[in-house]
Amino acid sequence: QVELVQSGGGSVQAGGSLRLSCDVKYAFGYKRVCMGWFRQAPGRERESVAALSGDGTSRYVDSVKGRFAISKDNAKNTLYLQMSSLKPEDTGIYYCAARSPLYGATCPPPPSPQSEYNFWGQGTQVTVSS
């Protein structure tokens, strides 16, 4: 049983910053697995925007490159998404996710569909106003 509990998010003006956190229960963060952050805008598919492979390699969709940073703290069992220079287009529900170690520790390149991941946080709303 694996549980991912998210915190952070909220409303912010364009150009501002937010940090999302994902507390991984059951010490899941100590495993070398792929983890990622997904975004689902209203009426759109849920797709990954950032991915962190077990070897520390990070990848992003073009729309967030240079603005978002994914990281993890294995000692705290926490995954982070630092978001800066936020735009209204970044508005959506953000989910943290983990891929089953059965499939290896290398993440598929973003954007990837939710079917590539197996464990999910509850989602948090991020709203960026212009």
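Where is Ser-112 found? Select this residue to start the tour, and keep in mind that you are looking at a predicted model. Ser-112 sits in the loop between strand 9 and strand 10.

**Stop 1: Ser-112 and its loop**

Show the surroundings of Ser-112. Although it is a loop residue, Ser-112 is buried, at a relative accessible area of 3%. Setting aside residues up to four places away in sequence, you should find Ser-112 touching Phe-38, Arg-46, Glu-47, Ser-48 and Tyr-117.

Now step back to Pro-111, in the loop between strand 9 (92–98) and strand 10 (119–120). Check the peptide bond that joins Pro-110 and Pro-111: it is cis, with omega about -5°. If you are scanning torsions, remember that most peptide bonds are trans.

**Stop 2: the Cys-34 and Cys-107 link**

Stay with that loop and pick Cys-107. How far apart are the sulfur atoms of Cys-34 and Cys-107? They are 2.1 Å apart, and the two residues form a disulfide. The pair connects distant parts of the chain: Cys-34 is in the loop between strand 3 and strand 4 (35–40), Cys-107 is in the loop between strand 9 and strand 10, and they are 73 residues apart. Put a dihedral on the S-S bond and you get 115°, a right-handed link. Cys-34 is buried at 0% relative accessible area, and Cys-107 counts as buried too, at 10%.

**Stop 3: the Cys-22 and Cys-96 link**

How many disulfides does the structure hold? Two, so there is another to visit because Cys-22 in strand 3 (residues 18–24) and Cys-96 in strand 9 also pair up, tying together parts 74 residues apart in sequence. Here the S to S distance is 2.1 Å, and the torsion about the S-S bond is 60°, again right-handed. Is Cys-22 buried or exposed? Buried, at 0% relative accessible area, and Cys-96 is buried with a value of 0% as well.

With both links on screen, number the bonded cysteines in sequence order: the pairing reads 1-3, 2-4.

**Stop 4: Gln-6, beside the second link**

Next, select Gln-6 in strand 1 (residues 4–7). Gln-6 counts as buried, at 6% relative accessibility, and its side chain is worth a close look for polar contacts. A polar atom of that side chain lies 2.9 Å from the backbone oxygen of Tyr-94. The Gln-6 side chain also reaches the backbone nitrogen of Cys-96, at 3.1 Å.

Expand the selection to residues in contact with Gln-6, leaving out neighbours within four places in sequence. Among them are Cys-22 and Cys-96, both halves of the disulfide from the previous stop. The list also includes Ser-21, Trp-37, Tyr-94 and Tyr-95. Further along the chain, Gln-6 is in contact with Gly-121, Gln-122, Gly-123 and Thr-124.

**Stop 5: the nonpolar cores**

Hop from Gln-6 to Trp-37, one of its contacts. Trp-37 is among the residues with the most contacts inside the largest nonpolar core, which has 26 residues. The others to highlight are Phe-68, Ile-70, Leu-79, Leu-81 and Met-83. Color by strand and you will see that strands 3, 4, 5 (47–52), 7, 8, 9 and 11 (124–129) each supply at least two residues of this core. Which strand gives the largest share? Strand 3, with four residues.

There is also a second, separate core of seven residues. Cys-34 and Cys-107 are in it, along with Ala-51 and Tyr-95, so this stop brings you back to the disulfide of Stop 2 because Cys-34, buried at 0%, is part of both.

**Stop 6: two positive phi values**

Finish with a Ramachandran plot. Most residues other than glycine have a negative phi. Two residues to pick out here are Asn-77 and Ser-85. Asn-77 has a positive phi near 55°, and you will find it in the loop between strand 7 (68–73) and strand 8 (78–83). Ser-85 has a positive phi near 50°, and its place is in the loop between strand 8 and strand 9.

What sets their surroundings apart? Asn-77 is buried, with a relative accessible area of 9%, whereas Ser-85 counts as partly exposed, at 41%.

Conventions: Residues are numbered from 1 along each chain as its sequence is written. This is a predicted model: local features need pLDDT of at least 70, side-chain atom pairs count only at pLDDT 80 or more; totals for chains, interfaces and linings use all residues. Side-chain values use heavy atoms; hydrogens and water are left out. Buried means under 20% relative accessible area, exposed over 50%, partly exposed in between (1.4 Å probe, protein chains only). A disulfide is a pair of cysteine sulfur atoms within 2.5 Å. A nonpolar core is a set of buried Ala, Val, Leu, Ile, Met, Phe, Trp, Tyr and Cys residues joined through side-chain atoms within 4.5 Å. Contact means heavy atoms within 4.5 Å. A polar contact is a pair of N or O atoms within 3.5 Å; within protein, one must be able to donate a hydrogen and the other to accept it, and residues adjacent in sequence count only if both atoms are side-chain atoms.
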